[in-house]
Amino acid sequence: MERKDKQLVPYRATHPGEIVREELKERKISTKDFAKQIGIPQTHLNDFLHGRKNMTEELAHKLECALGIDAAFWMRFHQRYLQNSRIIAERKQKDRPLNMIILKAMNEQGYSSEQVAQLVGVDSKRIDAYTTGKAIPSLKVAGILCTVLSIAPSTMLGL
């Protein structure tokens with residue numbers, strides 16, 4: 001786990017549906033029966049249990065009535081899930097390998113290795129080595145790549 005502003009951020013965010021799924025399993029309640037009990041289609045319940053649908057206040061209240069677990073808990077848990085998901089996505093964006101940053105920028109700009117090589121002033125095999133992760137550009141070449149590919153230097157440096 002990583003700390004973000006005095007808050008622990010897990011490696012993977014846990015959707016509230018995962019907790020409900022485990023709770024139903026422990027209580028030996030089928031999803032079919034539970035969906036009927038709380039008055040929602042089984043497909044909607046399954047989507048929620050597998051993280052494809054988010055928590056709503058209405059669902060939180062239904063869970064409270066059926067499971068005896070406070071609706072406010074479910075809403076706080078869901079807010080934490082959304083917050084952690086955002087932080088994890090930002091972290092993944094930041095942790096992208098340099099070769100993927102260069103490759104993505106080339107694709108977005110529609111450049112081939114040969115075109116970038118010509119603009120940067122290196123052999124196209126060097127660009128291929130950068131985009132496959134077999135080599136890392138020198139600081140000088142990285143600076144030129146930033147300019148040519150419109151990559152923020154902080155992104156290139158992984159900051």
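1. Ser-150 lies in the loop between H9 and H10, and in this predicted model its phi is positive, at about 55°, although the residue is not a glycine. Most residues other than glycine have a negative phi, so the backbone at this position deserves a careful look. Ser-150 is exposed, with a relative accessible area of 58%, and yet Ser-150 is also listed among the contacts of Leu-145.

2. A second residue to consider under this heading is Lys-28, which is placed in the loop between H1 and H2. The phi of Lys-28 is near 60°, again a positive value in a residue other than glycine. Lys-28 has a relative accessible area of 76% and is therefore exposed, the cut-off being over 50%.

3. Beyond the loop that holds Ser-150 comes helix H10, residues 153-156, in which Ser-154 is found. Ser-154 has a relative accessible area of 36%, which means that this residue is partly exposed. Between Ser-154 and Tyr-81, which stand 73 residues apart along the chain, the C-alpha separation is 28 Å.

4. The largest nonpolar core comprises 19 residues, and Leu-145 and Leu-149 are the ones with the most contacts inside it. Two or more residues each are supplied by helix H6 (98-109), helix H7 (113-120), helix H8 (124-132) and helix H9 (139-149), and of these H9 contributes the most, with six residues. When neighbours within four places in sequence are set aside, the contacts of Leu-145 include Ile-102, Val-116, Val-120, Ile-127 and Tyr-130, as well as Pro-137, Ile-151 and Met-156.

5. Separate from that core is a second one, made up of 15 residues, among them Val-20, Leu-24, Leu-59 and Leu-63. Two of these residues, Leu-59 and Leu-63, also belong to the set in H4 that meets H2, where the partners are Phe-34, Gln-37 and Ile-38; the remaining H4 residues of that set are Lys-62, Ala-66 and Leu-67.

6. How are H2 and H4 arranged with respect to each other? The axes of helix H2 (residues 31-38) and helix H4 (residues 57-67) come within 10 Å and cross at roughly 110°, and H2 is therefore roughly perpendicular to H4. By residue class, the contact of H2 with H4 consists of six nonpolar residues, one polar and one charged.

7. The structure contains six salt bridges. In one of them Arg-12 pairs with Glu-18, with 3.0 Å between the closest N and O atoms. In another, the side chains of Asp-47 and Arg-52 meet at 3.0 Å, N to O; here Asp-47 is partly exposed at 22% relative accessibility, whereas Arg-52 is exposed at 56%.

8. The salt bridge of Lys-25 with Glu-22 has its closest N and O atoms 4.0 Å apart, and the cut-off for a salt bridge is itself 4 Å, so a reader may wish to treat this pair with some care. Both residues lie in helix H1 (residues 16-27), and because they are three residues apart there, about one helical turn separates them. Lys-25 counts as exposed, at 55% relative accessibility, while Glu-22, at 38%, counts as partly exposed.

Key:
Residues are numbered from 1 along each chain as its sequence is written. This is a predicted model: local features need pLDDT of at least 70, side-chain atom pairs count only at pLDDT 80 or more; totals for chains, interfaces and linings use all residues. Side-chain values use heavy atoms; hydrogens and water are left out. A nonpolar core is a set of buried Ala, Val, Leu, Ile, Met, Phe, Trp, Tyr and Cys residues joined through side-chain atoms within 4.5 Å. Buried means under 20% relative accessible area, exposed over 50%, partly exposed in between (1.4 Å probe, protein chains only). Helices (H or I, at least four residues) and strands (E, at least two) are DSSP runs, numbered from the N terminus. Contact means heavy atoms within 4.5 Å. Axes are lines fitted to C-alpha atoms, for helices over the stretch in contact, and angles run from 0 to 180 degrees between N-to-C directions. Angles under 35 degrees count as roughly parallel, over 145 as roughly antiparallel, 65 to 115 as roughly perpendicular and the rest as oblique. Ala, Val, Leu, Ile, Met, Phe, Trp, Tyr, Cys and Pro count as nonpolar, Asp, Glu, Lys and Arg as charged, and the others, Gly among them, as polar.
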